[in-house]
Amino acid sequence: MMHDPGKSDRPIVPRKPPNKPDETQADLWANGAEAVEGRGLAEGKPQKQTSPRAQHRTRLSQALERIRQAIEREPKRALNNLWHHVCDVDRLREAYFELNPRSAPGIDGQSWQAYGSNLEENLQTLSGKLRRGCYRASAVRRHYIPKADGRERPIGIPTLEDKIVQRATTEVLNVVYEREFKGFSFGFRPGRGQHDALDALYLGIMRKHVNWVLDADIKGFFDNMDHEWLLKFLRHRINDRRLLGAVAKWLRAGVLEEGQLSSSEVGTPQGGSISPLLSNVYLHYVLDLWVEQWKRQQARGEVIIVRYADDFVMGFQSKAEAERFLRELRERFEQFHLALHPEKTRLIEFGRYAAAMRKKRGERRPETFDFLGFTHICDVTRKSGKFIVLRQTMRTRLRAKLAEIKEELRRRRHDPVAQTGAWLRAVVGGYYRYHAVPRNYPTMKSFYKAVGRLWRAALQRRSHKARLTWDRMLTLINRWLPTPRILHPYPEYRSGVTT
């Protein structure tokens, strides 16, 4: 009954060239390395601009460039004298404008708009406190957001000034650690995104001898990061006591929940601007460097790894080697107070020969695994029967998104149709921009139709007298809902364009 849109041509998305001139982008991605993509503009506009920000940005960029040059000259030396970059009023101002103006306030109730009404004076005061050592970190406010599987994820909401200082600190530390982090690490890094990690995993499985996949899940990672180990890791590259002291303050500030303040020697609240960087530093030393060494010294067959924050997937050529690595990985994590989730960590047979081998043994089709919102499936092309990794939207994610839309439509039931249609257009378009990967068109089409049915059901409930015909509903759907189309090219095609 609904409009059946056709598929559109896949656009070519140009990207930056690979870092090393002697390697193609496809080679980098097949080994778990990355391509880079542009960053979007920060939300929010300045309410009052008292100085030429373009000149200040140039000066701030030059300051960061001097840090890069110092690292180039002495790559192994721990850096000191970094704190003054954080205390700079111009950098604090840039950090303020990079925050989301609609984000929830911390325990002090200070909003982005209220702080900006007297921005320059507030930033001067904050800078003075940072320089004099009078800055004190506040506890974070605990908030829970629903997950796709029905559970809730705890989020820590810092105060606005803590957000500003953390954002400025992250900007400085990114310069230091971007040289250190490995190519197969994609999460929360400048110029990298989830689709870079998905493409790297796709190419790794397609181009390497991968027969077994380790789908790993770290149990409560953000709640179990050991503070002492984290500070030790930071001291490898940072020798600025004031900066390290600020990080220690954020880690030990505690969490305020239902009026009760609690603190711990482990864990960092998700939600702070610096938490993703700290998590990357922790796993860089606990996992990334160790995996690289293990591959070089112990692996006999091919091994790939792709990590996005605390989620990582590995591919192995032989089952015996995969099982040996898994045993040693558990032992490695125990040393740093981490553990793999016993139910969510799986070693599965997956790859170009998995289906044939399992059929020969009289077993069912290869198992699937989930990564970054997509279920990865062993499949073949229709025409040639060539092996391909099929990526489909996870069913739990799809159902959760539809449930979220249904609830919001119920709340907007009596709003003007045009207003609700504009909101749905933005929501559906955003969903497409992430999930519109090759061969995922049927799932996107199902999502498109389901949203149309939910909207019609909501409009039907506006009155018990009028009945909305499908002809009228299709007119609204075609007017407001964007039709599904593939927006991302195949990883091989995108990497070829980049190169």
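## Helix α10 against α11

Let's start with a helix pair: the axes of α10 and α11 come within 11 Å of each other and cross at roughly 160°. Angles over 145 degrees count as roughly antiparallel, so α10 and α11 are roughly antiparallel to each other. The crossing of α10 past α11 is right-handed. Keep in mind that this is a predicted model.

Who does the touching here? On the α10 side, the contact uses H227, L230, L231, L234 and R235, and α11 answers with L244, V247, A248, L251 and R252. Sorted by class, the residues of this α10 and α11 contact come out as seven nonpolar, one polar and two charged.

## Helix α10 against α12

Helix α10 (residues 227-235) also packs on helix α12 (residues 275-297), with axes that come within 10 Å and a crossing angle of roughly 85°. That angle makes α10 roughly perpendicular to α12, because the range from 65 to 115 degrees counts as roughly perpendicular.

Which residues meet in this contact of α10 with α12? From α10 you get W229, L230, F233 and L234, and they meet L278, V281, Y282, Y285 and V286 in α12. The class split is easy to remember: nine nonpolar, no polar and no charged residues. L230 and L234 turn up here in the contact with α12, and they are also listed in the contact with α11.

## Helix α17 against α18

Further along the chain, α17 and helix α18 (residues 470-480) pack at an angle of about 125°, and their axes are 11 Å apart. α17 and α18 are therefore oblique to each other, and α17 passes α18 in a right-handed crossing.

On α17, the contact residues are Y448, G452, R453, W455, R456 and L459, and on α18 they are W470, M473, L476, I477, N478 and W480. By class, that contact of α17 with α18 has eight nonpolar, two polar and two charged residues.

## The largest cavity

Now for the empty space. How many cavities of 30 Å³ or more does the model have? The count comes to three. The largest cavity has a volume of about 120 Å³.

Its lining takes 16 residues, and V140, Q166, W250, P269 and S275 are the ones that lie nearest the centre of the largest cavity. The elements that give two or more residues to this lining are α7 (160-177), α11 (241-252) and α12. So what is the wall of the largest cavity made of, by class? It has nine nonpolar, six polar and one charged residues.

## The second largest cavity

The second largest cavity comes in at about 60 Å³. It is lined by L409, R412, R413, D415, V417, T420, W455, A458, L459 and R462. Five of the lining residues are nonpolar, one is polar and four are charged.

Which helix gives the most to this lining of the second largest cavity? That would be α17, with three residues. Both α16 (417-435) and α17 (441-460) supply at least two residues each. There is a link back to the helix packing: W455 and L459 line the second largest cavity, and these two residues of α17 are also part of the contact with α18.

How values were computed. Residues numbered from 1 in each chain as written. Predicted model: local features only at pLDDT ≥ 70, side-chain atom pairs only at ≥ 80, totals over all residues. Heavy atoms only, no water. Axes fitted to C-alpha atoms, helices over the stretch in contact; angles between N-to-C directions. Helix = DSSP H or I, 4+ residues; strand = E, 2+ residues; numbered from the N terminus. Parallel < 35°, antiparallel > 145°, perpendicular 65-115°, else oblique. Contact = heavy atoms within 4.5 Å. Nonpolar A, V, L, I, M, F, W, Y, C, P; charged D, E, K, R; others polar. 1 Å grid on protein atoms, 1.4 Å probe; cavity = no way out; pocket = protein on both sides within 12 Å on 5 of 7 lines; lining within 4 Å. Points joined across faces, edges and corners; volume = space filled by probe spheres on them. Left-handed = near helix turned anticlockwise from the far one by under 90°.
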